[in-house]
Amino acid sequence: MRLNLFMIMVVVAVSAFVASGAERSDNLKPRWMTGNLPEATAAFIFQRAQGTGRTLEEARRNALSDLVSRVEHERGIKVTNSQQLSYEMADGNVREREAFQMEISENGQEIRLSCKVVDEYWEAKDGRYTVTDLFTINTRPDAGLSADNVRLTTSYGAAPVFYSIIPGVGQIYKGSVVKGSLILGGSALCVAATILCESQRAHYAKRMKENPEYVDFYRDRKSSWETGRNVAIGAAAALYIYNLIDAAIAPGRRRVVIDKKRYEYSFGPVITSETIGAGLAINF
């Protein structure tokens, strides 16, 4: 009875938490918001910027202004102009590959920096939007829009399944902290219930031997606790299997992956009017 009441309270609490939450672009915040930014490359760096506004577009414009301010502050330069180059909408809520170009003055030289929106997360509450954007900014003037090898994924490979040897840890690793905590807590309750029921079953089994005159009474009690133990073991097994399956297939927090540059090699004979030989071609 107490266990059922506890589970009802958990469900009610989680439902209330979800209902009271703000409208958002994604159920889980991207990993670049909750942890460190992705590592910079030789061609570009990552920069996070945030803006608020009464509309989504206003918040996005303010996020770009925040980006300009951060670039000026962190690099000690002056941005003289910023220009939108392209704009692609993935759907009504999320933008992809929005590109900008900033003209800066550094050490008396006019330099153009290119940046792209790699990912975006927004929340809307009380009539105001808060947008957090992840940008790439090229670190070489000749690098251009060099973030084409950056992609987003919610997959984490086999690591979450390995971590889920301890129930719920794989979900927490992927960013689903509430789900992982519930699985971990539910597994702990099942284990505790199994131990309690087995302890009581053994207690009444002992009483049956010690007090044969009450054998029917103790047998009923023993049978009830044995049933409870079996139910707890079954629940623990089912939750553990669900935990492994969920860790393997459920999407996690969105994260940034930088694909390594691939090189294509070709080798073959070379025949000209003057010579015959072999040639090696490398495509970058």
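**View 1. Gln171 and Asp246 meet through their side chains in a polar contact of 2.9 Å.** A polar contact here is a pair of N or O atoms within 3.5 Å; within protein, one must be able to donate a hydrogen and the other to accept it, and residues adjacent in sequence count only if both atoms are side-chain atoms. What you're looking at is a predicted model: local features need pLDDT of at least 70, side-chain atom pairs count only at pLDDT 80 or more, and totals for chains, interfaces and linings use all residues. Residues are numbered from 1 along each chain as its sequence is written, and side-chain values use heavy atoms, with hydrogens and water left out. Gln171 sits in helix H5 (residues 169-173); helices (H or I, at least four residues) and strands (E, at least two) are DSSP runs, numbered from the N terminus. Is Gln171 buried or exposed? Gln171 counts as buried because its relative accessible area is 2%; buried means under 20%, exposed over 50%, and partly exposed in between (1.4 Å probe, protein chains only). Leaving aside residues up to four places away in sequence, Gln171 touches eight residues by name: Ser164, Ser176, Lys179, Gly180, Ile183, Asn243, Asp246 and Ala247. A contact means heavy atoms within 4.5 Å.

**View 2. The whole protein, for orientation, has seven helices and ten strands.** Of its 284 residues, 31% are buried. Take the contacts with a separation of 6 or more: 59% of them come from residues 24 or more positions apart. The accessible surface comes to about 17700 Å², and carbon and sulfur atoms hold 56% of that. Accessible areas come from the Shrake-Rupley method with a 1.4 Å probe; for residues, only the protein chains shown count as cover.

**View 3. Strands E2 (residues 44-53) and E6 run antiparallel, paired over ten bridges.** Two strands pair if DSSP finds at least two bridges between them. E6 covers residues 128-138 and is mostly covered, with eight of its eleven residues buried. To find your way along the pair, look for Arg48, which stands opposite Leu134 in E6. In a regular strand, side chains alternate between the two faces of the sheet.

**View 4. Thr132, a residue of strand E6, shares a 2.9 Å side-chain polar contact with Gln50.** With a relative accessible area of 4%, Thr132 is buried. Its contacts, not counting residues up to four places away in sequence, include Trp32, Met33, Arg48, Gln50 and Tyr121.

**View 5. Lys29 sits in the loop between strand E1 (23-24) and helix H2 (31-34).** Its relative accessible area is 34%, so Lys29 is partly exposed. Which residues does Lys29 touch, not counting residues up to four places away in sequence? They are Thr34, Tyr121, Glu123 and Arg253. Glu120 is 91 residues from Lys29 along the chain, yet their C-alpha atoms are separated by 9.6 Å.

**View 6. Helix H3 (residues 56-75) holds the salt-bridge partners Arg60 and Glu57, three residues apart, about one turn of the helix.** A salt bridge is a side-chain nitrogen of Lys or Arg within 4 Å of a carboxyl oxygen of Asp or Glu. For Arg60 and Glu57 the N to O distance is 2.8 Å. Arg60 is buried, at 2% relative accessible area, whereas Glu57 is partly exposed at 34%. Also in H3, Arg70 and Asp66 lie four residues apart, again about one turn, and their closest N and O atoms are 2.9 Å apart in a salt bridge. Arg70 is partly exposed, at 32%.

**View 7. Lys206 and Glu210 form a salt bridge of 4.0 Å, N to O.** Why are they about one helical turn apart? Because they are four residues apart in helix H6 (residues 177-210). Lys206 is exposed at 52%, while Glu210 is partly exposed at 47%. Elsewhere, a network of salt bridges links Glu198, Arg201, Lys222, Glu226 and Arg229. The whole structure has 13 salt bridges.

**View 8. Phe162, Tyr163, Ile165, Ile166, Tyr173, Leu184 and Tyr240 make a nonpolar surface patch of about 670 Å².** Patches are made of residues with over 30% relative accessible area and no salt bridge: like charges are joined within 9 Å, nonpolar side chains (Val, Leu, Ile, Met, Phe, Trp, Tyr) within 5 Å. Tyr240 belongs to helix H7 (residues 215-249) and is partly exposed, with a relative accessible area of 30%.
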